[in-house]
Amino acid sequence: MGQIFEKPIIDVEKTSIKLKEIREANGTKVSQLQHLFSMENPQSIYNWENPNKKNLPRIDNFVTLAQFYNVKIDDLIIVKYIQTDILDVCESPTIIYGVNKKHIEDLINLSSPTILKALKSYYNFST
């Protein structure tokens, strides 16, 4: 076996809990987020906040949440580290559904390098 690396990944369960805590701490109702995201029903938001569902917002929605709460994306996401002997290498940029160049720029500006690595790993994209 070769060299072992620590790779940051999103802790989905803890991030779900964090999203609910931030929403409640800001006094925001699920219906307000439903309106913000122009959702027909609030089920996606409830899924984001339920650690058992293991669903997270899309990257563009993380950017919107960070801007709405006036926080960095780092404040919304919890990372954990795994040991791996595999380095992720992406030869060309990956296009992510619903994400444009502005979202990626906001993501870079609103995230620390560690959070950005975890997001790239979870959503399988490169910048």
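Helices here are DSSP runs of H or I with at least four residues, strands are DSSP runs of E with at least two, and both are numbered from the N terminus. With that in hand, welcome to a set of close-ups of a predicted model.

**Figure 1. The whole chain, with its 6 helices and 2 strands.** Reading from the N terminus, you will meet the elements in the order β-α-α-α-α-β-α-α. The chain has 127 residues, and 39% of them are buried. Of the contacts with a separation of 6 or more, 76% join residues that lie 24 or more positions apart.

**Figure 2. The largest nonpolar core, a set of 29 residues.** Phe62, Leu65, Ile73, Leu76, Ile77, Leu107 and Leu119 are the members with the most contacts inside the core. Each of α1, α2, α3, α4, α5 and α6 supplies at least two residues, and α4 gives the most, with 6 residues. In soluble globular proteins, nonpolar side chains tend to be buried together. Ile77 is a good place to pause: beyond its neighbours within four places in sequence, Ile77 is in contact with Ile10, Thr15, Phe62, Ile115 and Leu119.

**Figure 3. Helix α5 and its buried face.** His103, Ile104, Asp106, Leu107 and Leu110 are the buried residues of α5. Looking down the axis of α5, you find these residues within an arc of 160°, so they line one face of the helix. An α-helix has 3.6 residues a turn, so residues three or four places apart point the same way. The buried residues of α5 pack against α4 and α6. Turn to the other side of α5, and Lys101 and Asn109 are exposed.

**Figure 4. Helix α6, residues 113-123, and what covers it.** Buried in α6 are Ile115, Leu116, Ala118, Leu119 and Tyr123. Down the axis of α6, the buried residues fall within an arc of 160°, which means they line one face of this helix too. The cover over them includes β1 (5-10), α4, β2 (79-84) and α5 (101-110). Pro113 and Lys117, on the other side of α6, are exposed. Follow the chain just past the end of α6 and you reach Asn124, with a positive phi of about 55°.

**Figure 5. The largest cavity, with a volume of about 50 Å³.** How many cavities of 30 Å³ or more does a search of the whole structure find? The search finds 1. Rolling a probe the size of a water molecule over the atoms shows where empty space is left. The lining is made of Leu19, Leu33, Ile45, Trp48, Glu49, Leu65 and Tyr69. Two elements, α3 (43-48) and α4 (59-69), give two or more residues to this lining. By class, the lining residues are 6 nonpolar, no polar and 1 charged.

**Figure 6. Thr28, in the loop between α1 (12-25) and α2 (30-36).** Is this loop residue, Thr28, buried or exposed? Thr28 has a relative accessible area of 8%, and the cut-off for a buried residue is under 20%, so Thr28 is buried. Leaving out neighbours within four places in sequence, the contacts of Thr28 are with Arg23, Leu33, Phe68 and Tyr69. Two of these names, Leu33 and Tyr69, may ring a bell, as they also line the largest cavity.

**Figure 7. Gln83 in strand β2.** Gln83 has a relative accessible area of 55% and is therefore exposed. Its C-alpha lies 6.3 Å from that of Ile4, although 79 residues separate Gln83 and Ile4 in sequence. Setting aside neighbours within four places in sequence, Gln83 is in contact with Ile4, Phe5 and Glu6.

**Figure 8. Two loop residues with a positive phi, Ser38 and Lys54.** Most residues other than glycine have a negative phi. Ser38, which is not a glycine, has a positive phi near 50°. You will find Ser38 in the loop between α2 and α3, and at a relative accessible area of 65% Ser38 is exposed. Lys54, not a glycine either, takes a positive phi of about 55°. The loop between α3 and α4 holds Lys54, which counts as partly exposed because its relative accessibility is 49%.

Methods: Residues numbered from 1 in each chain as written. Predicted model: local features only at pLDDT ≥ 70, side-chain atom pairs only at ≥ 80, totals over all residues. Heavy atoms only, no water. 1 Å grid on protein atoms, 1.4 Å probe; cavity = no way out; pocket = protein on both sides within 12 Å on 5 of 7 lines; lining within 4 Å. Points joined across faces, edges and corners; volume = space filled by probe spheres on them. Nonpolar A, V, L, I, M, F, W, Y, C, P; charged D, E, K, R; others polar. Buried < 20%, exposed > 50% of the residue type's maximum accessible area, 1.4 Å probe, protein only. Contact = heavy atoms within 4.5 Å. Arc of directions from axis to C-beta. Core = buried A, V, L, I, M, F, W, Y, C linked by side-chain atoms within 4.5 Å.
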